[in-house]
Amino acid sequence: VNMRYILLAFMLFINPGCDYAPTEHTHEVSECPDNAPSDCAGVCGGFAVYDCDNICGGNNDGYVTIFVGSEGTVRKCYDIETTTSVTLYDYQLTEIPPEIVNLTNLTHLNLYTNQITGEIPSWIGNLTNLTYLSLSSNQFTGEIPSEIGNLTNLHTLWLKNNQLTGVIPPEVCDLIENNDWVDGFSIESYILYGNNLINTCD
């Protein structure tokens, strides 16, 4: 018996109504398989799937669709209620997908090593469940938004290797002072490095 089908049967057993294994699937448009999942991400635990059948249709109620890749050729679909982690590492993004603001249960957002330009959007401070935020190794400019200080659950904040300028806002300094940070965290290595920031935190 093909082990793949045994595994699939097991996953269906523990995830009623789920017609694919709960892992992240992404496909280029030209590679969309004939047997692609027919439902969106959240049924199987909040992982992203390539929405080959366009069930999400852009942004159907309860789901967020994000187009990524150098020409937006990869479409990822996220369940708003169950998605807690988004990692878009090295997807050649040039902006933070604004749809992410709707994923209010996110605890982990990793946009490391893209080509994102412009300022860090202030709405990032609305994702108040975040414990991990990495915007490192992009091309962000301008100042760190004070709204990051709203992320009172953070224990990891990566901003290094951008083109950020100005001072670290006092709201962010308070966050750094009051939170329980990951072992090894330092302002110099996680935030200042590779930027043109002035450290105003005591």
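## The chain as a whole

Of the 202 residues in this protein chain, 44% count as buried. Keep in mind as you look around that the model is predicted. The accessible surface adds up to about 10200 Å², and carbon and sulfur atoms account for 48% of that area.

The chain holds three helices and 11 strands. If you follow the sequence from start to end, the elements come in the order α-β-β-β-β-β-β-β-β-β-β-α-α-β. Contacts also link distant parts of the sequence: among those between residues at least 6 apart, 48% join residues at least 24 apart.

## An open sheet of four strands

Now let's look at one sheet. Four strands build an open sheet in the order β4-β5-β7-β9, with parallel pairing. The edges are taken by β4 and β9 (156-158), which have a single partner strand each, so one side of each has no neighbour in the sheet. On average, neighbouring strands here are turned by 10 degrees against each other, ignoring direction.

One pairing is worth a visit: β7 (residues 132-134) runs parallel with β9, and three bridges connect the two. Here tyrosine 132 stands opposite threonine 156 in β9.

## A stop at threonine 107

Where does threonine 107 lie? You will find threonine 107 in the loop between β4 (85-87) and β5 (108-110). Its relative accessibility is 29%, and because partly exposed covers the range between 20% and 50%, threonine 107 counts as partly exposed.

Leaving aside residues up to four places away in sequence, threonine 107 touches Thr84, Asn129, Leu130, Thr131 and Tyr132. Valine 86 is 21 residues from threonine 107 along the chain, and their C-alpha atoms are separated by 8.7 Å.

Key
Residues are numbered from 1 along each chain as its sequence is written. This is a predicted model: local features need pLDDT of at least 70, side-chain atom pairs count only at pLDDT 80 or more; totals for chains, interfaces and linings use all residues. Side-chain values use heavy atoms; hydrogens and water are left out. Buried means under 20% relative accessible area, exposed over 50%, partly exposed in between (1.4 Å probe, protein chains only). Contact means heavy atoms within 4.5 Å. Accessible areas come from the Shrake-Rupley method with a 1.4 Å probe; for residues, only the protein chains shown count as cover. Two strands pair if DSSP finds at least two bridges between them. Axes are lines fitted to C-alpha atoms, for helices over the stretch in contact, and angles run from 0 to 180 degrees between N-to-C directions.
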